[in-house]
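Biologist: Could you walk me through how to read a sheet and a helix pair? I'm new to this one.

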Amino acid sequence: MNISILGAGAWGTALAIVLAQRHQVVLWGRDSQAMQTASLQRENMAYLRGFHLPESLVVTADFARTVDHVTSCQDSLLIVASSVSGLRALAEMLRDHPIPNIVWLCKGLEEQTRLLPHQIVREVLGDKIPASALSGPSFAQEVARGLPCALTIASHDKALCERVVGAVHGGNLRVYSSDDLIGVEIGGAVKNILAIATGAADGLQLGLNARAALITRGLAEISRLGIALGGRAETFMGLSGVGDLILTCTGDLSRNRRVGLGLAQGKKLDAIVTELGHVAEGVRCAQAVRSLAQELGIDMPITDAVAGALFDGVSVQEMVAQLLSRDPREEN
């Protein structure tokens, strides 16, 4: 199968490394110098150091060549591995190309529009192109090392789900299918915000009891918002819900968790983001999720507290006090 991956960040590169073992893969990045260096040195020094790029993997900054790789072959997949903030621009670049399908890896909401990825794609490319989201608990470094990982492919197009499963499933990668695109995307977006809260609590050494409470009540927030938007409750008990939530809240490779740890140390948000050197989607979509929840009348106290700590000058100590001072209520 011919596979093109647009976006040579950590996750796009990791997936390219794995898929190049079985398919003809082209990996595209905007930075021509970085792509040339990666192609020559067989390592993505900018975003995924320490991992060898297979000799069969084509690394390029030539957009037309990358897209032609999938438009010239019937058996193909186009994967977009940008952040949510970069998804619209890439979709617009694809608008005049006869792409066979589109699969995106990003998790979050567009900051200004509060749109989910599938809504952005539909707004730019229409609803005629088979489209899907590949999501679930997955750290790029572990995938690149070939460690076991389970993902969910979500789409209303059953044939595209089957195509993605056929291409990606195998070895130490397992892929499950879902038609609950909204549920899968909401789980992937909101868990990043909750990971910031959990990182802050761990940074303040509030203990494992507090961590468990945050994760559990965070899952309730994800479910309330997701169901209100049309997702299904059972989706949030799966890989893209509780699975991704646990990983992002507890794993030391989690960028969003590291944001929370940095806040607990008294660091400024700008300094934390600069130190990360990578996108932390929880920061970008916290405002959008808070605003959307308020508009819909959905109670999301942890999300609201995190947004306050990120953007309203609330300290993490005040954030914790705000959550602990809430009135008691029934759990469900």
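Modeller: We'll take the sheet, then a helix lying across it, then two packed helices. This is a predicted model, where local features need pLDDT of at least 70, side-chain atom pairs count only at pLDDT 80 or more, and totals for chains, interfaces and linings use all residues. Residues are numbered from 1 along each chain as its sequence is written, and side-chain values use heavy atoms, leaving out hydrogens and water.

Biologist: In what order do the strands of the sheet come?

Modeller: Strands of a sheet pair through backbone hydrogen bonds, either parallel or antiparallel. Here, 8 strands form an open sheet with mixed pairing, ordered S3-S2-S1-S4-S5-S6-S7-S8. Strands are DSSP E runs of at least two residues, helices H or I runs of at least four, numbered from the N terminus; two strands pair if DSSP finds at least two bridges between them.

Biologist: Which strands stand at the edges?

Modeller: S3 (58-60) and S8 (173-178) do; each has a single partner strand, so one side of each lacks a neighbour in the sheet. S8 runs parallel to S7 (residues 149-154), joined by 6 bridges, and Ile153 stands opposite Ser177 in S8.

Biologist: Which strands does H8 lie across?

Modeller: Helix H8 (residues 181-203) lies across S5 (102-104), S6 (131-135), S7 and S8, with contact meaning heavy atoms within 4.5 Å.

Biologist: And how do H13 and H14 cross?

Modeller: Two packed helices are described by the angle between their axes and the distance between the axes. The axes of H13 (residues 281-296) and H14 (residues 301-311) come within 9 Å and cross at roughly 130 degrees. Axes are lines fitted to C-alpha atoms, for helices over the stretch in contact, with angles from 0 to 180 degrees between N-to-C directions.
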